[in-house]
Amino acid sequence: MNTLKNPDNEIVLRVLSEVFEGFAFMFVEEEPDFDSEAPVECLCARIGFSGKSAAGVFEIVSPVDFCEELAENILGAEADELPPDAGENALKEVVNVACGYLLSEKFGTEEVFDLSIPETASVDPNEWRSLFVGGSYAVYLVEESPILVRLDSATAC
Amino acid sequence: MGYNVLIVDDSPIIRKMVAKTLKISDLNISGYHFAENGRQALTVLEENWIDIVFADINMPEMNGMELIEEMVRRDLMATIPVVIISTERSRERIDSLREMGISAYLHKPFVPEEFARVVRDLLH
């Protein structure tokens, strides 16, 4: 299994920038030195993919507060106008769109990939720091809010 | 009298976003219908007059490609314009959709101005 390597980071930054800007007018930057000890309530959105040359999962872990801000920006609505699950649905859609785009940038548009339906799960606030300290996730800042991104792919035989 | 649209996507946020884009696009839309997957969409199509369908591909139960196959088989639905709005970027799959008769293909996230232009061209 390969997690995000430096060449992938460049592609991921480009893809995340286009997706967040296109969907929500939010700007993304890399933050390799990010650290914070405060526990954060967050969600992990995950999508699986499989194709001839690779299969794996793509994940984005995001603070719950940021998910809600993301939904507000996507819909151009105030917080009190949003349905209860809007933040979670916004993160799911971003992971869905970013994964499709990322695969085409990494493997080309000749390759056909099947994507799973995106899913979300809560992450224990106390585990937040261990996720980015462990090095499995790359950290990006979206309008100053950290998100953690991981692409795990195995090359198919 | 305005047009009736059907928006098919398992993501509630995309359904709202497409509807909102239509509302601000100065298009003459009078009826908005929604479905979470292809199966629900077929029910809406059977029960309502729909002028244009906006559909995702990757959906549970019945995906966008299966929905189009079903629409093509049914005389009353076969001529309704279908705009696919998807994350799909595989050339082979997009070519297959065009061969199946879709009217337009837009990548997510779409640009509202491009979206409005495509819809205007199809409806007028």
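The internal cavities of a predicted model are described here. Two cavities of 30 Å³ or more are present in the structure.

The largest cavity has a volume of about 100 Å³. Residues from chains A and B line this cavity. Chain A contributes G100(A), L103(A), S104(A), G108(A), E111(A), F113(A) and L115(A). From chain B come T87(B), E88(B), R89(B) and S90(B). Two elements of chain A, helix 3 (86-107) and strand 4 (113-115), each supply at least two lining residues. Helix 3 of chain A gives the largest share, with three residues. By residue class, the lining of the largest cavity splits into three nonpolar, five polar and three charged residues. Glycines count as polar in this division. Among the charged residues are E111(A) and R89(B).

The second largest cavity encloses about 40 Å³ of space. Its lining consists of I7(B), V8(B), D9(B), I14(B), V18(B), F54(B), A55(B), D56(B) and I85(B). Three elements of chain B each give two or more residues to this lining: strand 1 (3-8), helix 1 (12-23) and strand 3 (52-55). Strand 1 of chain B covers I7(B) and V8(B). Helix 1 of chain B covers I14(B) and V18(B). Strand 3 of chain B covers F54(B) and A55(B). The lining of the second largest cavity comprises seven nonpolar and two charged residues, with no polar ones. The charged residues are D9(B) and D56(B).

Key
Residues numbered from 1 in each chain as written. Chains lettered and ligands numbered in written order. Predicted model: local features only at pLDDT ≥ 70, side-chain atom pairs only at ≥ 80, totals over all residues. Heavy atoms only, no water. 1 Å grid on protein atoms, 1.4 Å probe; cavity = no way out; pocket = protein on both sides within 12 Å on 5 of 7 lines; lining within 4 Å. Points joined across faces, edges and corners; volume = space filled by probe spheres on them. Helix = DSSP H or I, 4+ residues; strand = E, 2+ residues; numbered from the N terminus.
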